[in-house]
Amino acid sequence: MARRTPWQKEWANLLKAEARYQKHRTDGPTSLLIMKLDRFIPEKLSGTLAAAFFKAFQIIFEKGTKLIEMTYNSKRRKADFKVSNYANELYGDYKSAHRFTKNAGSSRLINLLISFVEGTLLGLVGLGIPDIPLFIAMVLKGVYEVALSYGYDYHDENEKIFILKVISGAMKDDDEFIEADAQFNADIDVIAKDLGEIGGWNIEKNEQIRVTSDSLVKEMIYTKFIQGWAIVGIFGGIFDPVYLNRITKYAMLKYRRRFLAARLEEERRGKQE
């Protein structure tokens with residue numbers, strides 16, 4: 001039996017990590033008690049939240065990325081990727097192959113802490129909908145840092161759709177998640193043929209924003225409803241880091257899959273030459 005390459009070992013570890021993630025994806029973090037709020041939630045709230053999420057994505061993608069970049073060192077992230085690439089070329093061992101994944105998760109805990117403080121403070125004063133742009137900004141910050149760790153440019157329009165698909169997929173539950181995840185993996189397999197670069201999508205960015213916004217509303221409507229009440233809104237706000245953690249972990253898995261699939265494709269082509 002042929003000895004596995006470092007990339008093949010990383011791929012095997014990825015599949016295990018994906019299986020663990022899928023296993024823990026039952027119902028969302030909202031409890032049955034919270035979901036009993038259905039009869040109290042105004043009929044128009046769903047549409048209001050969807051519009052708020054949609055607008056937040058549009059504004060941040062168009063004007064807010066530079067502000068988000070002020071919260072972390074993008075140049076350092078890019079430099080770390082180059083160093084990891086050089087180390088891999090120099091040593092070609094498992095440790096250097098795994099370094100990309102290690103870097104991708106380096107700021108996850110601090111992002112969760114920031115999200116917790118921000119969500120609970122706004123919940124304390126009963127600001128649920130105004131919290132949405134800040135929550136989206138934190139989500140994009142986390143995903144952007146992951147993307148840079150694997151060498152991908154989130155300024156690209158096709159990359160923005162990839163990011164939106166990550167967020168949308170992460171917010172689905174049960175059979176919906178399994179189906180969406182399988183389709184996303186199939187998309188990544190196609191991308192891997194172009195060594196990780198996206199050629200295009202069969203959906204426009206604004207339409208994907210709408211799909212993603214609807215996914216967020218479906219999962220977060222209960223917590224945003226609670227967060228809109230002063231004092232008790234704290235209990236809604238504490239779910240912000242829960243959802244952020246869910247999305248960031250999924251982003252790490254999908255970017256890791258995309259990166260490794262491209263490296264394995266390079267290996268395959270190298271053997272054929």
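Biologist: Are Arg256 and Glu10 buried or exposed in this predicted model?

Modeller: Arg256 is buried, and Glu10 is buried too.

Biologist: What makes Arg256 and Glu10 a salt bridge?

Modeller: Their side chains meet at 3.3 Å, N to O. The cut-off is 4 Å between a side-chain nitrogen of Lys or Arg and a carboxyl oxygen of Asp or Glu, so the pair qualifies. Arg256 belongs to helix H12 and Glu10 to helix H1 (residues 6–23), 246 residues apart.

Biologist: How do you know that Lys254 and Glu18 form a salt bridge?

Modeller: Same routine: the closest N and O atoms of Lys254 and Glu18 are 2.9 Å apart, and the limit is 4 Å, so that counts. Lys254 sits in helix H12 and Glu18 in helix H1, so this pair ties together parts 236 residues apart in sequence. Lys254 and Glu18 are both buried.

Biologist: Which residues are linked with Glu18 and Lys254 in a network of salt bridges?

Modeller: Asp181 and Arg257 join them in that network. The whole structure holds 16 salt bridges.

Biologist: Why is Arg269 called partly exposed, and why is Glu265 called buried?

Modeller: Arg269 has 32% relative accessibility, which falls between the 20% and 50% limits, so it is partly exposed. Glu265 comes out at 6%, and under 20% means buried. The side chains of Arg269 and Glu265 meet in a salt bridge at 3.0 Å, N to O. Both lie in helix H12, 4 residues apart, about one turn of the helix.

Biologist: Now Lys172. Why does Lys172 have no salt bridge?

Modeller: The nearest side chain of opposite charge, Glu176, is 4.7 Å away. A salt bridge has to be within 4 Å, so Glu176 misses out. Lys172 is buried all the same, and its place is in the loop between helix H8 (157–170) and helix H9 (174–193).

Biologist: What does Lys172 touch, leaving out residues up to four places away in sequence?

Modeller: Arg25, Phe177, Ala180, Ser215 and Arg246. With Ser215 there is also a polar contact between the side chains, at 3.5 Å.

Biologist: On to the rings. Why is the aromatic pair of Phe100 and Phe259 called tilted?

Modeller: A pair of rings is described by the distance of the centres and the angle of the planes. There are 16 aromatic pairs in the whole structure. For Phe100 and Phe259, the centres are 4.6 Å apart and the planes make 45°. The distance limit is 6.5 Å, so they pair; the angle is neither under 30 degrees nor over 60, so the pair is tilted. Phe100 lies in helix H5 (residues 94–104) and Phe259 in helix H12 (residues 239–272), 159 residues apart.

Biologist: How do you know that Phe100 and Phe259 count as buried?

Modeller: Phe100 has a relative accessible area of 1% and Phe259 has 2%. The limit is 20%, so both are buried.

Biologist: Which ring has Arg258 over its face at 3.8 Å from the centre?

Modeller: That of Tyr152. The charged end of Arg258 also sits over the ring of Phe162, 4.6 Å from its centre. The distance limit for a charge over a ring is 6 Å, so both values pass on distance.

Biologist: Which residues form one aromatic cluster with Tyr152 and Phe162?

Modeller: Tyr21, Phe177, Phe184, Trp201, Tyr250 and Tyr255. We already met Phe177 as a contact of Lys172.

Definitions and conventions. Residues are numbered from 1 along each chain as its sequence is written. This is a predicted model: local features need pLDDT of at least 70, side-chain atom pairs count only at pLDDT 80 or more; totals for chains, interfaces and linings use all residues. Side-chain values use heavy atoms; hydrogens and water are left out. Helices (H or I, at least four residues) and strands (E, at least two) are DSSP runs, numbered from the N terminus. Buried means under 20% relative accessible area, exposed over 50%, partly exposed in between (1.4 Å probe, protein chains only). Lys and Arg count as positive and Asp and Glu as negative; His and the chain ends are not counted. A polar contact is a pair of N or O atoms within 3.5 Å; within protein, one must be able to donate a hydrogen and the other to accept it, and residues adjacent in sequence count only if both atoms are side-chain atoms. Contact means heavy atoms within 4.5 Å. Rings of Phe, Tyr and Trp (its six-membered ring) pair if their centres lie within 6.5 Å; planes under 30 degrees apart count as stacked, over 60 as edge-to-face and the rest as tilted. A charge sits over a ring if NZ of Lys or CZ of Arg is within 6 Å of the ring centre and within 35 degrees of the ring normal.
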